[in-house]
Amino acid sequence: MKFKADFTNVSEGGFLPAGEYVCKVTKAELKQGNAAKYISWELTVGVGNQKGSKTYYITSLSVKALFKLREFMIACGLNVPKAVVDIDTDNILGRVVGIKVVPGTYVDKEGNTKNKTEISDVYEVVKTDKGWVKASQANVDLDASAESAAPPWATPDEDITEIEI
């Protein structure tokens with residue numbers, strides 16, 4: 001059998017390459033970890049050359065780590081008071097969030113160091129006439145310096161709310 005395959009934009013090991021992405025929250029699974037339960041959030045890239053790629057963000061439900069869940073919910077555009085709240089993950093599914101992916105390593109069960117990528121930051125994004133930008137930049141006049149700070153996925157012709165993922 002012979003065929004042609006384009007590996008131009010294929011990342012190493014199936015991981016999402018380091019960079020910034022606009023994603024939709026497409027799945028939430030409650031799992032049991034060693035120390036506490038956690039939620040594994042499936043995020044699907046909605047724009048750019050990695051569109052359709054999936055990555056995962058973990059938020060522990062341990063009391064010491066709940067700040068990460070709160071930050072994620074705020075990045076998804078939710079108002080999360082510092083109080084006891086009922087959370088329905090169904091209200092988070094379909095939301096749009098910005099992520100920053102960075103390279104990292106981990107040690108497998110055999111003691112070997114392996115490469116990976118991980119999400120180092122989550123942030124709220126909004127769509128402007130210049131494309132998707134961090135919400136913190138949306139109130140800034142998009143002059144030349146702000147435009148150059150826009151990530152490469154910030155294209156004005158894509159609307160993630162209309163993308164079927």
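## Elements of the chain

The chain holds 3 helices and 7 strands. The model is predicted. From the N terminus, the order of elements is β-β-β-α-β-β-β-β-α-α.

Of the 165 residues, 31% count as buried. The accessible surface of the chain is about 10,700 Å². Carbon and sulfur atoms account for 49% of that surface. Among contacts between residues at least 6 apart in sequence, 48% join residues at least 24 apart.

## The sheet

An open sheet is formed by 5 strands. Their order is 3-2-1-4-5, with antiparallel pairing. Strand 3 and strand 5 (113-123) are the edge strands, and each pairs on one side only. On average, neighbouring strands of this sheet are turned by 40° against each other, direction ignored.

Strand 2 (residues 37-45) pairs with strand 3 in the antiparallel sense. That pairing runs over 7 bridges. Within strand 3, S60 is the bridge partner of Y38.

## Helix 1 across the sheet

Helix 1 lies across strand 1 (19-32), strand 2, strand 3, strand 4 (96-107) and strand 5. Helix 1 runs at about 130° to strand 3.

## The loop and a nonpolar patch

L61 sits in the loop between strand 3 (54-60) and helix 1 (66-75). The relative accessible area of L61 is 31%, so this residue is partly exposed. Patch residues need over 30% relative accessible area, and L61 has 31%.

Together, L30, L61 and L66 make a nonpolar surface patch. The patch covers about 250 Å².

How values were computed:
Residues numbered from 1 in each chain as written. Predicted model: local features only at pLDDT ≥ 70, side-chain atom pairs only at ≥ 80, totals over all residues. Heavy atoms only, no water. Patch = residues over 30% accessible without salt bridge, like charges linked within 9 Å, V, L, I, M, F, W, Y side chains within 5 Å. Areas by Shrake-Rupley, 256 points an atom, 1.4 Å probe, with all protein chains shown as cover. Salt bridge = Lys/Arg side-chain N within 4 Å of Asp/Glu carboxyl O. Helix = DSSP H or I, 4+ residues; strand = E, 2+ residues; numbered from the N terminus. Buried < 20%, exposed > 50% of the residue type's maximum accessible area, 1.4 Å probe, protein only. Pairing = 2+ DSSP bridges. Axes fitted to C-alpha atoms, helices over the stretch in contact; angles between N-to-C directions. Contact = heavy atoms within 4.5 Å.
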